[in-house]
Structures are given as structure tokens and as C-alpha cells.
Amino acid sequence: MLVLRFRSSQRRSPEPAGRTIRRLKSELAKARRRIADLTASAERDFLLDIFNRRGFARELDRSIAYIRRYHVAGALILLDVDRLKPINDAFGHAAGDQVLKAVAATLIDQVRSSDVVGRLGGDEFGVLLWNLDEADARDKASALERAIDALSFSFGETRVQAGASAGVAILDLTMDAQSALEAADRAMYVRKSQRRRQIAEPERAAYSSPRSSGT
């Protein structure tokens, strides 16, 4: 049997122009929110929920532009976490992650809400500080070192401490983001060498001092 099927000649009535505009605006707003969410997630460290290197670099660029425009004071501190690799090697990366989380929480606790904290990669962190002079910036860097040095961790039956070395760059009208990072990085490695010598000197003194003999 031959069956013929005919499509209905009735067509769906077109959507009113006003409703179409509202729908398109709503879809555009959703797309923009999605883009903003993706951009934000691309600039955050997934482990620590602070800025990653990309996000921190963007904030540094903004800060320098603001400093140039309004002639305000600012400082960049770079911190390198000590002994993270030995902790990872001895106790696993979960232990290293615990140290990184504690360091990030300490930095956030030690600075103002207007300041910026980021992880620049591996065991390196950055802090952007506003409205303070060079002496205050160096005092804050020392305070951040002490706060991180005071952190203590238990892995199994072993108790370990991390520590951090901080370098400071004062943000002025002549600096760009790259030169600021390079200056703070150089200062941080100088400070790291100083701290190593401070640790090594008592050890050398103890090794070279004559042992007392009983009488």
C-alpha cells in the first residue's frame, strides 16, 4: 500500500522582535559570564586559590600603571620557599602541597586585603604591597620570612620546618613589570645566600671547635 504523507502547510509564527532581543541579550550575558569565569580560572593557582604567574603579572602591570599615574608608593616582594624539594623527595608531593598551602595562608594572613599574593611557580611566591616606603617594605619582607620560618609540619614521626627567603623591589615611575621582577629576583637570591651562610656558620664553628676533655 502506498502511503503519502504531507507536511502541514502551517508554519511556526515568528518570535516577536522584543522577545528576540531579550533572549539574545540574556544569551550574551551568559556568554560573557562564562568568559569571565574561564579567564578568572586561567589566572588562579588551582591548588592554592591565589593568583598564578599569569594573574599576578596582570596585577603587577596594573599596579605599575597606577603608580605612574598617581605617583603612589608600592613594593614587590618575591619569596622562595626553602627545603620544599627535600620535603617532596622524602615525604611525597602531598606533603609538599601541605607546605605550600600553609605558606599561602600565612602570606594572606600577614598582608592587607588591598595587597596581592600570588604563586609564580614551584616554590616561588610574589606579594604586591601598597602605600609603604622602602624601610617598611623591608620590614614586611623580614616579617614574612619569620612567619614562614615559624611554620612546623609533622609527616609520620618526623617534624620538619620550611622557611623562606625574601627579596624586595621598590616600584617607582621608571620600572616596568619585567624589571621589577628581575630586581626582586636578584634581591631574593642574595638573601637566600645570606641565610645559607647564617645556617652554615654555627655548624662550621661547632665542627671546628676543640672538644672539651674531662679531668
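Begin by selecting D133 together with A135: in this predicted model, D133 caps the N-terminal end of α5, with one of its side-chain oxygens 3.3 Å from the backbone nitrogen of A135.

From there, extend the selection along α5 itself, which covers residues 134-149, and whose 16 residues reach 23 Å between the first C-alpha and the last, close to the 22 Å expected at 1.5 Å a residue. Colouring this helix by burial will pick out A137, A141, A143, L144, E145, A147 and I148 as its buried residues. While looking down the helix, keep in mind that an α-helix has 3.6 residues a turn, so residues three or four places apart point the same way.

Next, show the side chains of I77, L79, V99, L107, F125 and V127, which have the most contacts inside the largest nonpolar core, a set of 33 residues. The elements that each give two or more residues to this core include α5, already on display, as well as β1 (74-81), α3 (84-91), β3 (124-130), β4 (152-155) and β6 (164-171); α4, at residues 93-110, supplies the largest share, seven residues. A second, separate core has 19 residues, and selecting F56, L78, L128 and A177 will show some of its members.

Finally, turn to β1 and β6, which run antiparallel and are joined by eight bridges. Centre the view on L79, whose bridge partner in β6 is A166. With β6 selected as a whole, one can see that seven of its eight residues are buried, so this strand is largely enclosed by the rest of the structure.

Methods:
Residues are numbered from 1 along each chain as its sequence is written. This is a predicted model: local features need pLDDT of at least 70, side-chain atom pairs count only at pLDDT 80 or more; totals for chains, interfaces and linings use all residues. Side-chain values use heavy atoms; hydrogens and water are left out. Helices (H or I, at least four residues) and strands (E, at least two) are DSSP runs, numbered from the N terminus. The expected span of a helix is 1.5 Å times one less than its number of residues. Buried means under 20% relative accessible area, exposed over 50%, partly exposed in between (1.4 Å probe, protein chains only). A polar contact is a pair of N or O atoms within 3.5 Å; within protein, one must be able to donate a hydrogen and the other to accept it, and residues adjacent in sequence count only if both atoms are side-chain atoms. A nonpolar core is a set of buried Ala, Val, Leu, Ile, Met, Phe, Trp, Tyr and Cys residues joined through side-chain atoms within 4.5 Å. Two strands pair if DSSP finds at least two bridges between them.
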